[in-house]
Amino acid sequence: MKNPRTDLAVEATRLSSRGGITRRERGEHFSVTEIELHDDRHLETAGKRKGRYITLASEDLGRTVPQFADMAQELGRELQALLPETGTVLVLGLGNREITPDALGPQAAARILATRHLRETLGAEDAFFASLRPVSVLAAGVLGQTGIEAAELTASLVKRLDAKAVIAIDALACAEMHRLGTTVQLSDTGIAPGSGVQNRRRELSEDTLGVPVIAVGVPTVVDLHTVAAELTDTAPKSDMPNLMVTPRNIDALTQNAAWLIACGVNLALHPQLDLETVEQMVG
């Protein structure tokens, strides 16, 4: 398909001939591709604005793989490079926890170390708690459950907490089936929740919130037209009904991805901790 529906910059910009793209390859335990868009010329064709998009790909994101600890640390290092060095960070788990393919954000948020209250209450007496970066966590559900846009709630919290950055974790849509549950995307351009399934909500970005917004996501769905195009190398007829498709083992894929993201986020926010300590603290 000429313009497949995808949230992944590595897919959306693949066919672009407009220039203004820098691509870098690296990685130790992931295959890491960093795409930097130098201007907004790709916004119309690829849906991607100026900024950095980092894709970390692996065959398996599960906790049982031997290199899981190394993967979590590598993810943490990549994320840490996008964050300001100091200040309170607000971590958002976007999505609906009652719908498995959309539960990535809430499941990851449940494993993030919330430390802002610990620093305030115990930091004066305990050097360990004093060393932790102040972090607040929210997984408030979706508009249909709360009647509140995530952007409205986040804007209020950023102001109240004096947050210096936001990390928004959300499920994504992809175009290539092998990326389902195997690819993590980081970007410094923010996020529009629900855009991958054409249910776009108000944007969360530095433009709207006044602080850097780092988006973290894993693809959990692909649309049927894209699947058909990939399998047959032909575009489906425009009158064909479309559906969102997800793997039958989506429960395990979502849980694995949520745990890896949570570990990576915790290590990025608290680089003085090791993975064993993080896992003990989050249970």
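Here is a short chat about helix α3, the nonpolar cores and the cavity of a predicted model.

Guide: Quick ground rules: this is a predicted model, where local features need pLDDT of at least 70, side-chain atom pairs count only at pLDDT 80 or more, and totals for chains, interfaces and linings use all residues. Residues are numbered from 1 along each chain as its sequence is written, and side-chain values use heavy atoms, with hydrogens and water left out.

Visitor: How do you know that the span of helix α3 agrees with its number of residues?

Guide: Helices are DSSP runs (H or I, at least four residues), numbered from the N terminus. The expected span is 1.5 Å times one less than the number of residues. Helix α3 has 13 residues (68-80), so it should span 18 Å, and its end C-alpha atoms are 18 Å apart.

Visitor: Which residues of α3 are called buried?

Guide: Buried means under 20% relative accessible area with a 1.4 Å probe, protein chains only. F68, M71, A72, E74, L75, G76, E78 and L79 in α3 meet that.

Visitor: What makes the largest nonpolar core a core?

Guide: A core is a set of buried Ala, Val, Leu, Ile, Met, Phe, Trp, Tyr and Cys residues joined through side-chain atoms within 4.5 Å. The largest one joins 46 residues, and L79 and I169 are among those with the most contacts inside it. Helix α11 (residues 250-269) supplies its largest share, eleven residues.

Visitor: Why is a second core counted separately?

Guide: Joining takes side-chain atoms within 4.5 Å, and the second set, 15 residues including A168 and L204, is separate.

Technical notes: Buried < 20%, exposed > 50% of the residue type's maximum accessible area, 1.4 Å probe, protein only. Helix = DSSP H or I, 4+ residues; strand = E, 2+ residues; numbered from the N terminus.
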